[in-house]
Each structure stands twice: as structure tokens, then as C-alpha cells.
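The following exercises concern the structure displayed below. Each task is followed by a worked solution.

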Amino acid sequence: MDNVLKNPGMKKSLGKSLLYTLPMFLITFMFMTGGRPDFSNPSSSLAILIAFMLVNVLYFLMHYTGKTDKYRVVLFIIFALTLSFTLIKNMVAVRNSMSFSQADILECKIPFCHLVIPMMILPAAFSKSIIFPGSILNGFANISSMVVLWSVATLVLGRGFCSWGCFYGGWDDGFSRMRKKPLVKNINEIWKWMPFAVLLMVALTAALSLVPTYCAWICPFKAVTEFEQVTSVESATKAGIFFSLFAGLVVVLPVMTKKRTQCSYLCPLGAVNSISNKITPFTIKIDKNACNECYKCVEVCPMFALSKENIKDGKVSIFCSKCGKCVDACSKNAIHYGIKGIPAGTMKNFSRNLFLFVSFLFMAIFSAGSIISTLQSLIKLIL
Amino acid sequence: MTDALILGLSSGSACLATCGMVMFPYLMSGSSGVRRITIDLSVFLITRLIAYFILATLAWYFGQAFFSDPLIRNIVPGILYIVFAVMLVWYSIDKSRNPVCPAKIAKTVNNRRLVPVFLGIVNSFGFCPALFIILTKSATQGTIVQSYLAFLAFFIGSSLWFLPLPLAGKIRKREAIMTIGLLATGLAGIIFMIKGLTNLIGGIING
Amino acid sequence: MKKLKIIAGLVWAFLCLVLIIILFPGLTGFSASLSKAPFMKIHPRYSGGEVEKQIISEGCTLDVREPVFKGLNSDRKNGFVQLDWRGTVPDEIRDTVDYNLDGTPDFYVLVDTKTQKTEIKPFNSKVKNVGISTPTSYGWAVRINLTK
């Protein structure tokens, strides 16, 4: 893990931290147990207990230590790993393989993922239909519920969805933390606009070809979820592309640069979420009076959201995913969570507490299912 | 014609990035309001359209003459697509590329009313990698109508970028939009590279 | 003005808090409401189109779906018609299909379900070739490529 500086301004006492954790404790208890704890199944009960303790201990530590990113990333990575594990396990159980067949496409059995959303907007507007072989309302990851979840999350968190909600982000976030120092430091700023170019191209190509082109041809995360059965030169080419992109953008480049390169250089949904950063009330603010321009925050930012010019202007760019790494790194408490309308440097604690509750609650509940399912499988394996 | 439209939409931004900010003052000079700007822009676009139809005709006849053999019809365009696509990708990311538009030569035109016509001709025949790609596509079409349709799709895609030109001064984040457009051009180049490879492999397998 | 901005920011932040709290308990209801939106149906290119005709025989039903030519906002030149055999599918499927309901057969289809080999004999120039032929959870599905 990164060696971040202490942030004494955000630390709370033990009692206060427990108090702040209480609402999270109660709400996650309600969601994980359905309000009626059932101890008849030992493996299920143990899995729920471990998941419950995990999320609440992490949330407690965020308040007690004053550090955000250090604990956020633990749950974020666990979410990514457990989701892949759960998906792959279910697919192998049903189909005996990670790939889906033509029959699965014809029967509209493909689980929907929020990355499809940018590509379905134009076709939905013109053809009044969804260009995805999934289920509208029934079953796991149906289209309606995924659209509702993403829409609300992006409205509330903006690009914070990329650090608190996206079940793929944990992969490149995790790999970006493997080294203590980056091997590659100076990266041309022009590349941070690539997700917008990708968004433009996939939205156009999807509308014209009626195929979700990012999913069909590019998405690197097919390497850890599911992909089209390789039965032709075309499907083999697609497999080659996504495996290469996973290796390059999700593993190698994040390790070398300590940046989230897949999210910053490719993901078209990240581009959409950046735009929604304009409407969310939560933001990162820079208190220019407290800032000593050490630029540690610029160095640690994994999303290219900060630059020396930003800091001097006291503004954070639309690429900010509110991960909290800069906040944790700042020794002067100059860069902090804020609420739009409230001047920088004021109501820091209040803004952080409110943002943390909203974002962590979303992540905790969204990830609970896959964490519990994975734990159940592991417990069954052990016992 | 989907790929022609996409090529036009993505490369039109690169065209605008180099030429737009030069053309606009000429289009605006001596103008007396929205009506004059609209007429100038319309004349410019119509001239481009006519020039493209001429190019489509020439390209198709060239294709008929040299790409009559089915094997050559796949392999040669396949190679050309790959070469021009690489040029297009390089064009989009090359920092040392000269951004000066040939439209600057419009300074030498005395008659104010001929400026949009002249700019339309210069812009259409300013051979760039995107135009090479669409010429290659046009040359491989089965009928001359298909060749015209390809150029029409390319024209429509690229012209959309010129339409907001009169509002250019008011658009914030112009630089970011231009950067995105240039990167999209590079991505379009990659799409055509894959198309070229598919043609080439198909030609080799069938040959 | 400054106070107004602060109040607006706080109100919006608290509204977001409420939204997140009600999101998960209300997810079923919100999803059900969204599913009723006019655009919330699967494009026929993926769903196969509406079932136009059913032919019931011993243990097996053949669903002949509407031909699909739908594009982005208008019909395309090339499309397909999907046939679904539901129930106990025989080793060899043989059917003559009239997909456009004009009373005249349009093609004859032969599927060997053991080898997955599928052949068609078109009686109509608009019938082109076999697009997809695959076993499914309900039986068998075939898509025949057509032109308009």
C-alpha cells in the first residue's frame, strides 16, 4: 500500500468514530440480512457476518484515522475480485466455460453491464429499443435495474462512480499500487482526452451498426468476466484485442505508471461520468490559503485530475473520481472533500462525513452480494 | 456507407482543427450578419460537395480500370487502407505536423464573393489521409452510384463539424474539443486498419 | 448570493443522501417503472422479432417470427427471419416455411440436430442463406438471412 502522510485534521476520537459508524452499521445490517437474520445456514451466516464486519470496520477506520483512500481501495479491490469470481463460477457451473454461445445471445441471457449505457443512448432515441441481448427486467444484472443504479449513482457521485461504484475499477486501481515508485512519470496530457474520443467513436459505431461496439470489440474486462465463444477469425480477433488491452491497460501500464490507465485512457463511461461531475453536489476543493504548493497531490492522483495549474487556480478538473488519494496525501489539509456552493476551506469535516456516508453506503450495498457469495464458496471449500 | 460516415465525422474535426480557424475569418470578413455568414457557409459546403462528386467519379473510373481483377480488388485496397490508416493515426497524434491550412492562400483572391468557392475547392482537394481512404473506398465500389454515396456519407460526416463555425468564438473549451476530435481521427484510422487487414486476409485466403 | 449558493449546495447534497438511501430498497419499483418506458424493449435484431405464426406438431412447436429488417430509424436492405423449435426436437428437422404469410412457401429448411448441419432450399429470391443455427435451452433456433 502507498505510504501516505497522516491527515490529523480529519481524525476523530474512538467514541465519535463509533457514532458516525452507527448509521452505516444499521443500514448494512438491514440490507445484508433482510432485517431478519437467519442462522440456519452456517456458511451463509458466517459469510454475511464477515462481509458485514469488513465494510463496517473499514468505514470506522476511515473516520478514526482520517484516511479515505487507504480503506476505500480495500473494499474496491475486493469488490472487483469477488464479482469476477462470482460471475466466472456461475458461468462455469451453467455453461462449463467463461464464454457465451450464440444461443445465449439469441435467448437474451447476457448480463447487462453499465459500460453498455453510452452506446445504447442513440439507438434508444432513434429506434426506441435497446441494442443488447439481455433481459429488461428479470434475472441477474437485468437492464432496468443496472440503468437505475448507474443513473442515480452518477447523478449523486459524478465521476466518483469510478472510484466508489464501478465493479471493474478495482482491477487497475489495485495494479496501480503494486510499486512504491512509478517507472514512467511524464505522460503526455493529451491522452486524458482519449476516453471522450472513444465515447464519440463507440456511440457512433454502435448507433450505425446496432452493435454495442465497445463490448463486442474492445472491453478489456471481458478477460475477467465473460466473452464471445471463439469460433471464427472475427471472434478470435476480438479475443486478442481484449486480452491485449487487459494486459496492457489494466496490468502493465498501471504497474509502471501508478495511474489508473484503463479508466483514464479508454473507458467511455468514465467520459460520461466526467460530464456528470458538473451536476453532482460533491467535489474536491483546494483551500489556496492552506496550500503550500508541494504538489504531492498532483503526484499521487491516479486519474490525471490535478496539475500544477489546477492547484494554482484552486480548481480540480472534471476527471476527478473523488478517490481521496490527494486528500490523504496532503499534509496541510488544503485539498479536501467539499460541497458545491460552500467556499473552499470551510465545512471540511461536514462535507467529508456526508460524502463518505453517501459513497461508502453505495459501495457497501452494491458489493455485498458478490462478497457474500464469494465468501460462501470459500467457506464451503474450507469446511 | 457507415464507415464513410464515421470517417467523415471523425476526420472532419481534424480538418476543422487545421482549417476552420483560418477559414472562419475569411468567411466572416466583410460579412453583414447571420444571412451573409449562412450564404457563405452554404456556398463553401456546396463547392465541397461538387468537388467530392468529381473526385468520386474519377476514383470510380480509376478503380474500374485498375481493380477489375477480383484478387487485386481485395489485396491492393487492403494494403492501401492499412497505409493510409497508419498515416491517419500519425496525422492525429503528430505534434510536429504543420497545422497551417492551405486556405490561407485565399488572401490572394480579390473578389470577396469567390472566397467561399475558393475555400471549398482548396479544402476538398487538400489531400489528407482521410481523403486517401475515401478515394480508395470509392475506387472499389461496384457501381458509380455507390461511389457517390460513399463520398456523400463522408461529406455529411465532415460537414457537420463546419456548421457551428459561426459560433466558434463563443464555444468554450475549443481546444479540448479539437483534441478529442484529433484523437477520434486516430481511432477512425485504427478502424480502417482493421478493415484493410480483413480485406487483405480475405484476398489472400480467397486468392 | 453566497448564502443562497451554500443553501442550494447543502439541499442538493442532502437530496443525494436521500436518493442513495432509497435507491436499493426501491430498486425493484424503480426498475419496474423504467421497464415500462417506450424504449425499454430489446431490438428485434437481438430478440428475434415477434412471433408471427405457430405451427404445432407432435411434441414440438415451430415459432415463425416476423422478418427483421429494422435499422436505426428505418428498415435496412438485409435482414433475417428467426425460426424457433420448442419442445422435443427430432433428430432431423424438416419444415417448409412461409415467412411473409402470403400463402406460398418461401423456403425449405433441413436441420440435422446431431451434426448441427443446416441447409435451406429457397423458393423465393429474397431468401439468401443460413445465418445462425444453434441448439437452445428450449430446443433449436435458426436465422435465415433475407433481403427486402
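**Exercise 1.** Into which domains is chain A divided?

*Solution.* The model is predicted, with local features requiring pLDDT of at least 70 and side-chain atom pairs pLDDT 80 or more, while totals for chains, interfaces and linings use all residues. Residues are numbered from 1 along each chain as its sequence is written, and chains are lettered from A and ligands numbered from 1 in the order in which they are written. Domain bounds come from an automatic or database domain assignment. Under this assignment, chain A comprises domain 1 (1–89 + 347–383), domain 2 (98–279) and domain 3 (281–346).

**Exercise 2.** Describe the side of domain 1 of chain A that touches domain 2 of chain A.

*Solution.* Step one concerns the distance: the C-alpha centres of domain 1 and domain 2 of chain A are 25 Å apart. Step two counts contacts, where two residues are in contact if their C-beta atoms, placed from the backbone, lie within 7 Å. By this criterion, 18 residues of domain 1 of chain A meet 19 residues of domain 2 of chain A. Step three assigns the residues to elements; helices (H or I, at least four residues) and strands (E, at least two) are DSSP runs, numbered from the N terminus. On the domain 1 side, helix H3 (69–95) and helix H17 (348–382) of chain A are the elements giving two or more residues, and H3(A) provides the largest share, eleven residues. Step four sorts this side by residue class: Ala, Val, Leu, Ile, Met, Phe, Trp, Tyr, Cys and Pro count as nonpolar, Asp, Glu, Lys and Arg as charged, and the others, Gly among them, as polar. The outcome is 14 nonpolar, two polar and two charged residues.

**Exercise 3.** Which elements of chain A each supply at least two residues of the side that touches chain C?

*Solution.* The contact draws 41 residues from chain A and 39 residues from chain C. Those supplying at least two residues each on the chain A side are helix H4 (102–106), helix H5 (117–127), helix H6 (143–157), helix H9 (194–209) and H17 of chain A. By class, this side has 31 nonpolar, seven polar and three charged residues.

**Exercise 4.** Assess the overall form of chain A and then of chain C, using the radius of gyration.

*Solution.* The radius of gyration is taken over C-alpha atoms, and the globule rule is 2.2 Å times the number of residues to the power 0.38. Chain A has 17 helices and four strands. For its 383 residues a compact globule would have a radius near 21 Å, and the 21 Å of chain A agrees. Chain C has three helices and nine strands, in the order α-α-α-β-β-β-β-β-β-β-β-β from the N terminus. The radius of gyration of chain C is 24 Å, well over the 15 Å that the rule gives for 148 residues, so chain C is more spread out than a compact globule. The C-alpha atoms of chain C fill a box of roughly 75 × 35 × 25 Å along the principal axes.

**Exercise 5.** How many residues of H6(A) are buried?

*Solution.* A residue is buried if 20 or more other C-beta atoms lie within 10 Å of its own, exposed if 12 or fewer, and partly exposed in between, with C-beta atoms placed from the backbone. In H6(A), twelve of the 15 residues are buried, including A:Val147, A:Trp150 and A:Leu157. Directly after H6(A) comes A:Gly158, with a positive phi near 65°.
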